[in-house]
Amino acid sequence: MEDEAEVYDGIRAQFPLTFGKQQKSQTPLEAIHNATRRSTAAGTASSNTNDLPSLSSSSKAWLDSLRNSKDANPNPKFRQDENSGPPPQPSEDEADAMVGPPRPPPGSGGDEEDDDGEVMIGPPRPPPGLGSEDDEVMIGPPPPPAGSGLGESDSEEESQEENRYRIPMSNEIVLKGHTKVVSALAIDHSGSRVLSGSYDYTVRMYDFQGMNSQLQSFRQLEPFEGHQIRNLSWSPTSDRFLCVTGSAQAKIYDRDGLTLGEFVKGDMYIRDLKNTKGHISGLTCGEWHPKTKETILTSSEDGSLRIWDVNDFKSQKQVIKPKLARPGRVPVTTCAWDHEGKCIAGGIGDGSMQIWNLKPGWGSRPDIHVEKAHSDDITGLTFSSDGRFLLSRSFDGSLKVWDLRQMKVALKVFDDLPNNYAQTNIAFSPDEELFLTGTSVERESTTGGLLCFYDRAKLELVQRVGISPTCSVVRCAWHPKLNQIFATVGDKSQGGTHILYDPTLSERGALVCVARAPRKKSIDDFEAQPVIHNPHALPLFRDQPSRKRQREKILKDPLKSHKPELPITGPGYGGRVGATKGSLLTQYLLKQGGMIKETWMEEDPREAILKYADAAAKDPKFIAPAYAQTQPEPVFAKSDSEDEEK
């Protein structure tokens with residue numbers, strides 16, 4: 001037996017470890033991406049203009065190319081031969097002398113020798129039908145190969161015209177977990193981690209590399225209890241992120257969600273905001289410096305913008321007070337850096353827009369001040385990378401494009417963009433040919449939450465993409481490395497982050513986690529729950545006895561409950577009134593026998609006193625006997641009735 005085992009081990013060692021093992025069945029990528037494809041078909045979107053568009057033109061062209069490749073002959077040379085007609089037949093003399101298989105058709109490249117047996121020199125002869133010395137001269141480009149469908153219709157030309165922007169939106173996944181609208185979004189520069197903040201006071205962290213197809217977050221934070229999340233921003237090195245809530249203090253977290261520090265709160269009783277160490281009211285927005293990893297910018301409802309040093313949480317570096325038409329405190333609703341970090345823009349609550357250039361000796365006086373840029377609060381500001389254009393979004397339902405060289409009048413105003421959330425922003429595409437923004441759902445509207453794409457050069461609407469039929473779109477982003485579009489949605493009862501991508505255009509990100517199946521549970525994952533037959537035998541599982549009956553019994557006992565004596569009402573003896581109408585047993589017995597009669601309640605007190613008047617006059621006992629001999633007899637005047645009548 002031992003020899004057989006050794007022989008088996010020696011033979012087994014010659015084979016790889018995977019030899020003989022059954023391979024796990026893997027779902028093909030095509031089936032996985034078909035499961036995440038947006039539901040509405042392209043035909044319904046084109047026939048019904050009111051329906052929400054869901055299938056992008058890029059994915060439609062991709063599907064058409066797949067269908068054509070299946071129908072067409074994979075070898076283009078033979079396809080040309082089929083179109084040009086049957087191959088030429090050999091002559092009778094050559095057919096008699098032919099031995100072996102027939103010659104390949106001319107132009108296929110299989111002939112090494114010509115008819116005379118000499119070696120061919122130069123390029124092969126063109127196939128018949130493409131123009132030769134004997135045929136007519138061809139004028140114009142050669143005909144397209146079969147299966148291309150270029151001459152059939154102009155539908156593909158239109159789709160290519162639509163797809164020249166290459167918007168990745170054929171497929172969609174949703175990162176869920178929030179119970180209210182998602183108001184903040186941040187994707188790190190490498191595209192591996194996503195942060196989402198919501199009105200449910202929590203921040204969720206998602207990791208594409210460690211996430212499977214269930215799309216669950218790996219960490220949940222609550223920065224400040226009872227305060228909504230207003231904004232999230234990654235540092236330039238993506239090792240820390242800034243969290244801005246409705247409180248007056250911003251927080252810094254590391255990449256794994258651990259708190260690194262919290263900025264100080266200012267003294268609310270100091271009137272001059274420049275003398276306070278921090279914000280005194282709730283924050284509205286905050287952005288990390290695009291180049292410097294130690295500098296951040298925050299704006300607040302107290303009417304100031306502040307620049308902070310991340311290494312010093314006790315005080316700010318600079319306080320910026322916007323220019324106001326009237327003295328007072330007007331909240332700063334949003335703020336933004338330009339791409340070089342040399343310019344700051346702020347949206348003021350009175351609808352004005354102010355821009356400061358960071359230069360030596362600069363102060364709170366703005367370099368550019370646009371009064372009444374919007375008729376309502378500004379919710380988002382975004383600079384272009386070349387520093388020439390500024391986009392602004394407002395509660396008034398408009399998006400405006402501004403030229404920073406001439407800020408008196410907006411270049412273009414896009415209306416009919418409902419906005420109900422103070423965090424609605426604008427984002428650029430990676431090449432900045434497009435910019436996009438989200439819309440909110442109105443009560444009487446049936447369009448739902450949309451993503452609207454605009455051409456930067458032509459300043460016109462390119463496409464509208466339906467994200468959610470019932471939820472508003474708040475934040476949006478187009479990541480340059482992933483080439484995927486992120487859009488946060490939600491309402492009062494739900495919230496999520498939609499990720500739009502195209503398998504042929506996008507990279508990593510959603511493609512990684514969608515194709516990763518959840519890990520199957522092994523035997524080690526199951527834990528046997530111990531069976532407790534008599535849980536009350538242990539004091540840990542024993543229920544506490546109810547003391548309700550005992551308390552009721554004590555309340556009924558006048559001594560234990562220390563019940564106070566009731567006030568005296570009605571007649572009684574000895575100052576007490578009881579059931580026996582007397583406090584002593586003798587009194588009770590005398591009453592029952594009739595020896596004690598209570599007559600004082602029935603008699604007139606005046607008559608009871610006067611009945612002793614005669615006895616007192618005849619036999620005085622106290623004061624009267626001492627003065628009986630010397631006391632004069634009183635003489636009373638008698639009234640004269642005649643005088644009274646007069």
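## Pocket, pairs and bridges in a predicted model

The largest pocket is lined by 49 residues, and those nearest its centre are H189, E287, H339, T382 and A477. The model is a predicted one. The volume of this largest pocket is about 1,400 Å³. Several strands contribute to its lining: β2 (182-187), β6 (229-234), β10 (283-288), β14 (332-337), β18 (378-383), β22 and β26 (472-479) supply at least two residues each.

Besides pockets, the model has one cavity of 30 Å³ or more. The largest cavity has a volume of about 40 Å³. Its lining consists of F389, L391, V401, F428, F435, R456 and L459. F428 and F435 also belong to an aromatic cluster, together with F414 and Y454.

**Aromatic pairs**

There are eleven aromatic pairs in the structure. One of the eleven pairs is formed by Y199 and Y421, which are tilted, with 6.2 Å from centre to centre and 55° between the planes. Y199 lies in the loop between β3 (193-198) and β4 (203-207), and Y421 in the loop between β21 (412-414) and β22 (426-428), so this pair ties together parts that are 222 residues apart in sequence. Are these two residues buried or exposed? Y199 is buried, at a relative accessible area of 16%, and Y421 is buried, also at 16%.

**Salt bridges**

Side chains of opposite charge can pair when their charged atoms come close. The structure holds eleven salt bridges, and the table gives three of them.

| Salt bridge | Closest N to O distance |
|---|---|
| E172 and R38 | 3.0 Å |
| D256 and R193 | 3.2 Å |
| R405 and D403 | 3.2 Å |

The side chains of E172 and R38 meet in a salt bridge. This pair links distant parts of the chain, with E172 in strand β1 (residues 171-178) and R38 in the loop between α2 (29-35) and α3 (42-47), 134 residues apart. E172 and R38 are both buried.

D256 forms a salt bridge with R193. D256 lies in the loop between β8 (251-254) and β9 (259-262) and R193 in strand β3, so the bridge ties together parts that are 63 residues apart in sequence. D256 counts as partly exposed at 37% relative accessibility, whereas R193 is buried, with a relative accessible area of 13%.

R405 and D403 form a further salt bridge. R405 counts as exposed, at 60% relative accessibility, while D403 is buried because its relative accessible area of 11% falls under the 20% limit. Salt bridges with shared partners also join R193, D207 and D256 into one network.

**Backbone angles and a surface patch**

Which value does phi take in D416? D416 has a positive phi of about 60°, although this residue is not a glycine. D416 is found in the loop between β21 and β22. Its relative accessibility is 64%, so D416 counts as exposed. N483 is also a residue other than glycine with a positive phi, near 55°. N483 lies in the loop between β26 and β27 (484-490). With a relative accessible area of 17%, N483 is buried.

At the surface, L585, Y588 and L589 make a nonpolar patch of about 310 Å². Y588 lies in helix α10 (residues 585-593). Y588 counts as partly exposed, at 33% relative accessibility.

How values were computed:
Residues are numbered from 1 along each chain as its sequence is written. This is a predicted model: local features need pLDDT of at least 70, side-chain atom pairs count only at pLDDT 80 or more; totals for chains, interfaces and linings use all residues. Side-chain values use heavy atoms; hydrogens and water are left out. Patches are made of residues with over 30% relative accessible area and no salt bridge: like charges are joined within 9 Å, nonpolar side chains (Val, Leu, Ile, Met, Phe, Trp, Tyr) within 5 Å. Accessible areas come from the Shrake-Rupley method with a 1.4 Å probe; for residues, only the protein chains shown count as cover. A salt bridge is a side-chain nitrogen of Lys or Arg within 4 Å of a carboxyl oxygen of Asp or Glu. Helices (H or I, at least four residues) and strands (E, at least two) are DSSP runs, numbered from the N terminus. Buried means under 20% relative accessible area, exposed over 50%, partly exposed in between (1.4 Å probe, protein chains only). Rings of Phe, Tyr and Trp (its six-membered ring) pair if their centres lie within 6.5 Å; planes under 30 degrees apart count as stacked, over 60 as edge-to-face and the rest as tilted. On a 1 Å grid over the protein atoms alone, a cavity is a set of points where a 1.4 Å probe fits but cannot get out, and a pocket is an open set with protein on both sides within 12 Å along at least five of seven lines; lining residues have an atom within 4 Å of a point. Grid points are joined across faces, edges and corners, and a volume is the space filled by probe spheres set on the points.
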